[in-house]
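Here's a quick walk through a model, from its charged pairs to its ligand and its strands. Have the sequence and the 3D view open as you read.

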Amino acid sequence: MKNENPVKIAVANVSKSFPDARGEQLAVLVDINLQIHAGEFLCLLGPSGCGKTTLMNLMAGFENPTSGILTIDGLTVDRPNPKHITIFQDYGLFPWRNVLDNVILGLEAKGMKSKEARAKAEEYLELVGLSQFARSFPRQLSGGMKQRVAIARALAVEPDIIFMDEPFAALDAFTRYRLQDEVLRIWQEKKPTIIFVTHDIDEAVYLAQRVVIMSPNPGRISRVINIKLQKPCDRGDAGLTAYRGQVFREFELAHETNSEYII
Ligand SMILES: Nc1ncnc2c1ncn2[C@@H]1O[C@H](COP(=O)(O)OP(=O)(O)O)[C@@H](O)[C@H]1O
Ligand SMILES: [Mg+2]
C-alpha cells in the first residue's frame, strides 16, 4: 500500500539523549527514521518508557533532537507551531471556563474575532455531540466528555497535524471505543495528519493505517506494519484479529532478543 500523498513529517537519523540522575547522557531514542504522509493516521505503539512521548515531543517541537533532522513540510522543526495541536491524557481544560469558552480560547489565541470564534466553537461542539453542554463547566462532565471538549478545542483551530498522547488511557473501555470511533469519523471528514501514541495493541490496529512498533533500552523502531483494512472496521473483523496477532508476535520477538524488555 503506497501512500501517494506528499511527505508531511520526515524524521531522519534522529537520536535523543537526556542527562540521567548522575548527569550522564542516557540515550532515549536511537537512529529513528520515519516518514509520515499528509492525511495519514499513524500510531506509535510500545511499552511504557520506550520513548513514544519523546518522539512525539520532537515532532511537535517541544524538544530538539540531540542529532539528526526532523522536518515538517520540508522545514526544520525547532519550536511548536500553532498549526499543529497536541491532545494529552489529562484534557487540559480550564476549570473556571465553561465548555464553550474552553473551545473559544484556542480560537481567540489565534486572533479570531469573538463572534466568529463563538460560531466556530459551536460548530465543533456539535461535531463531538456536546452542544447541549456548552454552558456546563468541566467539573460537571464525565472524563469522556471532558476529552471530547479537548478534541473539539483542538479541531476547532483546524490544525493540519494532531498529536495525541495516550488521550484515552484514563477512560473506561466503552467510552474509549466511542471516542476512537469519533476520532476516526472526524479524521475521515477533515483529513488531518494524526500521530497517535498508545501502549494498547487493540487501539493501535483499530485506529491506524500504519503502526510503528517501538522497543526500549534505548528506544527505537522495531517494525512498521501497514494495516490494510477499511476504517473503521468491525471490532470482531477477522483481519483485525490477524493484525493484532502479528503485532503481538513482534513484541514477543523483541522480548526474546532483549532481556530488559517488559511488556
Ligand atoms: N526530560 C527528560 N529528562 C530525562 N529523562 C527523560 C526525559 N523525558 C523522558 N525521559 C526518559 O526517556 C525515556 C522515555 O520516556 P518517554 O518518551 O516518556 O516514554 P513513553 O512515552 O514511551 O512512556 C524514559 O526512560 C524517561 O525516563
Ligand atoms: Mg508517554
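Which residues are linked with K8 in a network of salt bridges? They are D73 and D160. Keep in mind from here on that this is a predicted model.

## Salt bridges

The network of K8, D73 and D160 is a good way into the charged side chains. In total, the structure holds 11 salt bridges. As background, side chains of opposite charge can pair when their charged atoms come close.

Take K16 and E63: they form a salt bridge, with 3.7 Å between the closest N and O atoms. K16 sits in strand β1 (residues 7-19) and E63 in the loop between α1 (52-60) and β4 (67-72), so this pair ties together parts that are 47 residues apart in sequence. The two partners don't have the same surroundings: K16 is buried, at a relative accessible area of 9%, whereas E63 is partly exposed, at 25%.

## Helix-to-helix pairs

Next up are R148 and E182, whose side chains meet in a salt bridge at 3.4 Å, N to O. R148 belongs to helix α4 (residues 143-156) and E182 to helix α5 (residues 173-190), so the pair ties together parts 34 residues apart in sequence. Are these two buried or exposed? Both R148 and E182 are buried.

D202 and R244 make another salt bridge, and here the closest N and O atoms are 3.0 Å apart. This pair also links distant parts of the chain, with D202 in helix α6 (residues 201-207) and R244 in helix α7 (residues 238-257), 42 residues apart. Both ends are partly exposed: D202 has a relative accessible area of 39%, and R244 comes in at 23%.

## Helix α1

How many of the 9 residues of α1 are buried? The count is 8, so the helix is largely enclosed by the rest of the structure. Buried residues here include K52, T54, L55 and M56, and the list goes on with N57, L58, M59 and A60. Just after α1 comes G61, which takes a positive phi of about 85 degrees.

## Around ligand 1

Helix α1 also turns up at the ligand: it gives the most to the shell around ligand 1, with 3 residues. The residues around ligand 1 are F18, V28, P47, S48, G49, C50, G51, K52, T53 and T54. Sorted by class, that shell has 4 nonpolar, 5 polar and 1 charged residues.

Look at the oxygen atoms of ligand 1 and you'll find some polar contacts. A backbone N or O atom of G49 is 2.7 Å from one such oxygen, and a backbone N or O atom of C50 is 3.2 Å from an oxygen of the ligand. K52 takes part through its side chain, where an N or O atom is 2.9 Å from a ligand oxygen. As for coverage, the protein covers 59% of the 570 Å² of accessible area that ligand 1 has on its own.

## The sheet

Now for the strands. What is the order of the open sheet of 4 strands? Reading across, the order is β2-β1-β4-β5, with antiparallel pairing. β2 and β5 (75-76) stand at the edges with a single partner strand each, so one side of each is left without a neighbour in the sheet.

β1 and strand β2 (residues 25-37) pair in the antiparallel sense over 9 bridges. P19 stands opposite Q25 in β2. The hairpin of β1 and β2 has 5 residues between the strands, and G23 in this hairpin takes a positive phi near 85 degrees. Elsewhere in the sheet, β4 and β5 run antiparallel and are joined by 2 bridges. There, I72 has L75 in β5 as its bridge partner.

## A residue in β7

One more stop: I162 is found in strand β7 (residues 161-165). Its relative accessible area is 4%, and I162 is buried. What separates the C-alpha atoms of I162 and Y206? The separation is 18 Å, with the two residues 44 apart along the chain.

How values were computed: Residues numbered from 1 in each chain as written. Chains lettered and ligands numbered in written order. Predicted model: local features only at pLDDT ≥ 70, side-chain atom pairs only at ≥ 80, totals over all residues. Heavy atoms only, no water. Salt bridge = Lys/Arg side-chain N within 4 Å of Asp/Glu carboxyl O. Buried < 20%, exposed > 50% of the residue type's maximum accessible area, 1.4 Å probe, protein only. Near = heavy atom within 4 Å. Polar contact = N/O pair within 3.5 Å; in protein donor to acceptor, adjacent residues only side chain to side chain. Areas by Shrake-Rupley, 256 points an atom, 1.4 Å probe, with all protein chains shown as cover. Nonpolar A, V, L, I, M, F, W, Y, C, P; charged D, E, K, R; others polar. Pairing = 2+ DSSP bridges.
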